[in-house]
Amino acid sequence: MTDPTTIDKNTDISDLSATIQDYLSLIYVMERDEEPIVGAKLAELLEVTPPTVANTLKRMTRDGLITMDKKGTHLTERGWDAARVVMRRHMLMEWMMVKTLPWSKLHEEAHQLEHAISSMAEEALDEQLGNPKTCPHGNPLPGFEDVVKDWIPLSELEVGQKVIIRRIHELAEENAPLLSFLAENKVLPNTEATVSEVLSFNETITIEVNGQPVSLGNISAQYIFVELRD
């Protein structure tokens, strides 16, 4: 597999449609995290039908962005290069708007702007922002995956453990109601929390944030990554 941390900042994606860029970013996240790339999952995340996904993946195969065979769906070298550019621009757009929009709205708005930015503007914005290594949700910009490697999912913790919330995974960013819930309850990157209850029978975990209890299902908690406090 191509190394997902290697970046070619000169990659030109101007010939790729916004739709193809959207597919690339999701496939990038799945393959980076060694998750199987399943058409039904893409259809759910992109809010399209499975036949639409199948047709789009065929076009991406034709254009040399992915391969599809018995071993599964995988990005080609060209696909990796293009996907990293899309992800990087998206995250820079989030930082550009961080002081203007609510945290829970950054992903959705950046999704609208990422397709319009040029490589020159991308480089200038990156420098202006101080070359960030993560996005406002704590996810790593391409090339900085090591920054997040020691953070663990909230769903794996035990009662009494004290943590610092560090990251809301990219796939959780696709869930707008979840982002709003997290923002309303201050479950945000760089916030301290304590695990107060773990109920295995109904798969929930409760944390205290600023003295207030916040309960989450394990499906959501697995996408919230934390750093253990001493």
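# Notebook: helices α4, α5, α6 and α8

**Entry 1: helix α8.** I began with the surroundings of α8 and found that its buried residues pack against α5, β4 (162-168), α7, β7 (212-217), α9 (218-221) and β8 (224-228). I note at the outset that the model is predicted. I then looked up which residues of α8 are buried, and they are Leu178, Leu179, Leu182 and Ala183. Viewed down the axis of α8, these buried residues fall within an arc of 135 degrees, so they line one face of the helix. For background I recalled that an α-helix has 3.6 residues a turn, so residues three or four places apart point the same way. On the face of α8 turned away from the buried side I found the exposed residues Pro177 and Glu184.

**Entry 2: Leu179.** I selected one residue of helix α8, Leu179, for a closer look. Is Leu179 buried or exposed? Its relative accessible area is 1%, and the cut-off for buried is under 20%, so Leu179 counts as buried. I set aside the neighbours within four places in sequence and listed the other contacts of Leu179: Trp103, Ser104, His107, His137, Ile168, Ala172 and Glu173. One of these is His107. I recorded that Leu179 and His107 are 72 residues apart in sequence, while their C-alpha atoms are 9.4 Å apart in space.

**Entry 3: helix α5.** His107 led me to α5, which spans residues 106-113 and has Leu106, His107 and Ala110 as its buried residues. Seen down the axis of α5, they fall within an arc of 90 degrees, so they line one face of the helix. I next asked what covers the buried residues of α5. The cover includes α4 (77-96), α7 (170-173) and α8 (176-184).

**Entry 4: α4 against α5.** I examined how α4 and α5 cross, and found that their axes come within 8 Å at an angle of roughly 120 degrees. That angle makes α4 oblique to α5. The crossing of α4 and α5 is right-handed. On the α4 side I listed His90, Met93, Glu94 and Met96, which meet Leu106, His107, Ala110, His111 and Leu113 in α5. Sorted by class, the contact of α4 with α5 has five nonpolar, three polar and one charged residues.

**Entry 5: α4 against α6.** I then turned to helix α6 (residues 119-128), which packs with α4 at an angle of about 50 degrees, the axes being 10 Å apart. α4 and α6 are therefore oblique to each other. Their crossing is left-handed. In α4, the residues Val85, Arg88, Arg89, Leu92, Met93 and Met96 meet Ser119, Glu122, Glu123, Leu125 and Asp126 in α6. By class, I noted five nonpolar, one polar and five charged residues in this contact.

**Entry 6: Glu122.** My last selection was Glu122, which is placed in helix α6. How is Glu122 classed, buried or exposed? Its relative accessibility is 2%, and so Glu122 counts as buried. Apart from neighbours within four places in sequence, Glu122 is in contact with Val85, Arg88, Arg89, Leu92 and Ile117. I also looked up its separation from Thr134: the two residues are 12 apart in sequence and 15 Å apart in space, C-alpha to C-alpha.

Terms used: Residues numbered from 1 in each chain as written. Predicted model: local features only at pLDDT ≥ 70, side-chain atom pairs only at ≥ 80, totals over all residues. Heavy atoms only, no water. Buried < 20%, exposed > 50% of the residue type's maximum accessible area, 1.4 Å probe, protein only. Helix = DSSP H or I, 4+ residues; strand = E, 2+ residues; numbered from the N terminus. Arc of directions from axis to C-beta. Contact = heavy atoms within 4.5 Å. Axes fitted to C-alpha atoms, helices over the stretch in contact; angles between N-to-C directions. Parallel < 35°, antiparallel > 145°, perpendicular 65-115°, else oblique. Left-handed = near helix turned anticlockwise from the far one by under 90°. Nonpolar A, V, L, I, M, F, W, Y, C, P; charged D, E, K, R; others polar.
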